[in-house]
2 protein chains.
Amino acid sequence: MKSLSIKDIAVKANVSITTVSFIINGKAKEKSISEAVIEKVKKIIEESGYKPNQIARSLRTGNSNIIGLIIEDISNSFFSRIARLIEDKAYKRGYKIIYSSTENNIDKAKELINLFKSRKVDAYIISPIKGIEEDVQMLLDDGNPVIFFDRNLPDVKTSYVGADHFNASYQSIQSFIDQGKKNIALVTTDINVAQITERHDGYKKALEDNGIVYDDSLVLKIHFNQEENETIAQIKSLLAHKKVDAVLFVTNYLAISGLKALKQIDKKIGDDFAIIAYDDHEAFELHTPRISAIQQPLEEIAEAIIKLILNRLSSKGKLPAEELIIPTRLVLRD
Amino acid sequence: MKSLSIKDIAVKANVSITTVSFIINGKAKEKSISEAVIEKVKKIIEESGYKPNQIARSLRTGNSNIIGLIIEDISNSFFSRIARLIEDKAYKRGYKIIYSSTENNIDKAKELINLFKSRKVDAYIISPIKGIEEDVQMLLDDGNPVIFFDRNLPDVKTSYVGADHFNASYQSIQSFIDQGKKNIALVTTDINVAQITERHDGYKKALEDNGIVYDDSLVLKIHFNQEENETIAQIKSLLAHKKVDAVLFVTNYLAISGLKALKQIDKKIGDDFAIIAYDDHEAFELHTPRISAIQQPLEEIAEAIIKLILNRLSSKGKLPAEELIIPTRLVLRD
DNA sequence: TGGTTAGCCTAAAACGATTTAGCGAATCAA
DNA sequence: TTGATTCGCTAAATCGTTTTAGGCTAACCA
């Protein structure tokens, strides 16, 4: 059962392929096709259920109405929720999204870029990792719109949408201090991206501004791809060896590991021990006691990304790179 | 900066396009191209960074090495984790996955099928909803491999991979009864798919087999797309008006709403009140007390799906539809 | 010697659309 | 009446591959 081609329609309607193409693409008026022919062809298309072959179309026009989304890990709820929002919004504007995860693997990220490139996606939304600067630069040099989100690569000049990581961190620490906390630990990761270092910097600065000396031994850097049990062990060790009355977790999965660690050593969150997680999570609302978190405004981030992309897509000329820093919300619970 | 085409390579190497194509596709030996030419062309390809245009390739060959994955909602962790696993496994076998969510919307599902069809994906993995039977049947009639997972459509004969929903439910209820529970409620949804009705049936059968009369007023059917607050209110109302000592939640998001409801009315889970959730969730392990759950073996499901797909893809003829029912695991906590 | 075969390579058609250039008839202006 | 313009439509080139069918030379065989 071969699917229909434009030629089949043309034959059935007894007109040329060109005419059918004009009608399909809404250029009938402009090309002065008679009302009668338009009607006839439309009817035949309708009845036969003909759908243009997008591949042929892409080959000819060089674009695809598809936007490629490259993220770290679709099974992380921050990304899957952003993906869903972006998908929705793009869809309403006639674009489809295809997405894939890099797993923080440089080679996989590069391959994905190539995959999308060879599929001629119209634009790229990327949560980047170090090591792909050149590849992204090539995309930009070829005139492709590229938007970074969540993380930025300082060496690549392109638009970026992200939360105000520095201030989010700063505010969290300030709130600990306002509660009278003195020994504030930071659990972070060793992936070297701006977003993570900003969170670290906010922590430092808040301590400094409050006259507290920064103590490197209170900062735990978790290796990115390690087993969760290892992470839990390290957190337990930190709490065992240091006097700590507050912890800021720099990602929600670290906070979850942290909660598991607390459970294992039966340390309670309460007046003398507080934690805040970066990025909210369903589990936090449900936890007893409920866990405070920094919420990134997903909806706004998604909206900003799509707006930037569409601007770039509709204006032929290159637009200057824009940086959108979106404020976060600190939700203090219990 | 136009990207290179096979023609550019041919010109540079001073051979024909055909020769280059043979070499790219590993048919050089078979077509008896001399070692010298192979070397030369490969070197030029290497140096120039030439990548074949996949769109042109797809247009010509009619396939894409892409598998389309259609799910209900990527932001649901069951789906995002399955997606991630499928992606991984497919990737290792040289296939890419593109995915998109239907949001349980029939029109969107149909559009997605069309999108994938017009992009000539090689196979479809679908978590189906009622109302798309015809569209799927057309795919099958055209000879496309289609695998359903998680849910099945009884009217469409194609392969299916899913958990043993009936027994999972049955065992959960049995375990309640073994604990001495008598008034067991079921919180389910009104989406009319086999997977949900099987869970319902397992509940009924287990009660019957234990001589407990099925009471329809203990079964709460939540409307699919409703606001969470509404859901919480309904659950509270059920608990207020009925004597209930155990609840089986038919999906994890319903269980989460349920936990919120319990929190609001300050009802504790303990010896006289138990719950089980269908599909595990990070929040359950962390909750105090920890929440029992039915785990679907995601890894196995993903593996089974990929195996079925690859079989179909490699064997030209149509294979008979297979149904793989994978046992679940009841994890009793605390 | 002449016919086959093998080895090495290529011309051209095909995939299914979009788009440019242009044709013939009808209408219009002068 | 004639030249220009508009109208309604189409032929053919094009996008970048794969693949079929076959050409040319040199070696081989009888």
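Student: Which atom of S16(B) is close to a phosphate oxygen of DNA strand C, and at what distance?
Tutor: In this predicted model, a polar backbone atom of S16(B) lies 2.8 Å from a phosphate oxygen of DNA strand C.

Student: OK, and which elements give two or more residues to the surface near that strand?
Tutor: Chain A provides helix 2 (17-24) and helix 4 (54-61), and chain B provides helix 2 (17-24) and helix 4 (54-61).

Student: Which element gives the largest share?
Tutor: That would be helix 4 of chain A, with 5 residues.

Student: What about I6(A), what does its backbone contact on DNA strand C?
Tutor: A polar backbone atom of I6(A) sits 2.2 Å from a phosphate oxygen of the strand.

Student: And which part of the DNA does A56(A) contact?
Tutor: A base nitrogen of DNA strand C, which is 3.3 Å from a polar backbone atom of A56(A).

Student: Zooming out, how many residues are around DNA strand C, and which come nearest?
Tutor: There are 29, and the nearest are I6(A), S21(A), N53(A), R60(A) and T19(B). Of the strand's atoms that come within 4 Å of the protein, 56% belong to sugar and phosphate.

Student: How does that surface split by class?
Tutor: Near DNA strand C you'll find 12 nonpolar, 11 polar and 6 charged residues.

Student: New topic: what are the domains of chain A?
Tutor: The assignment gives domain 1 (6-52), domain 2 (62-163 + 299-328) and domain 3 (165-295).

Student: How far apart are domain 1 and domain 3 of chain A?
Tutor: Their C-alpha centres are 63 Å apart.

Notes: Residues numbered from 1 in each chain as written. Chains lettered and ligands numbered in written order. Predicted model: local features only at pLDDT ≥ 70, side-chain atom pairs only at ≥ 80, totals over all residues. Heavy atoms only, no water. Domains from an automatic or database assignment. Near = heavy atom within 4 Å. Polar contact = N/O pair within 3.5 Å; in protein donor to acceptor, adjacent residues only side chain to side chain. Helix = DSSP H or I, 4+ residues; strand = E, 2+ residues; numbered from the N terminus. Nonpolar A, V, L, I, M, F, W, Y, C, P; charged D, E, K, R; others polar.
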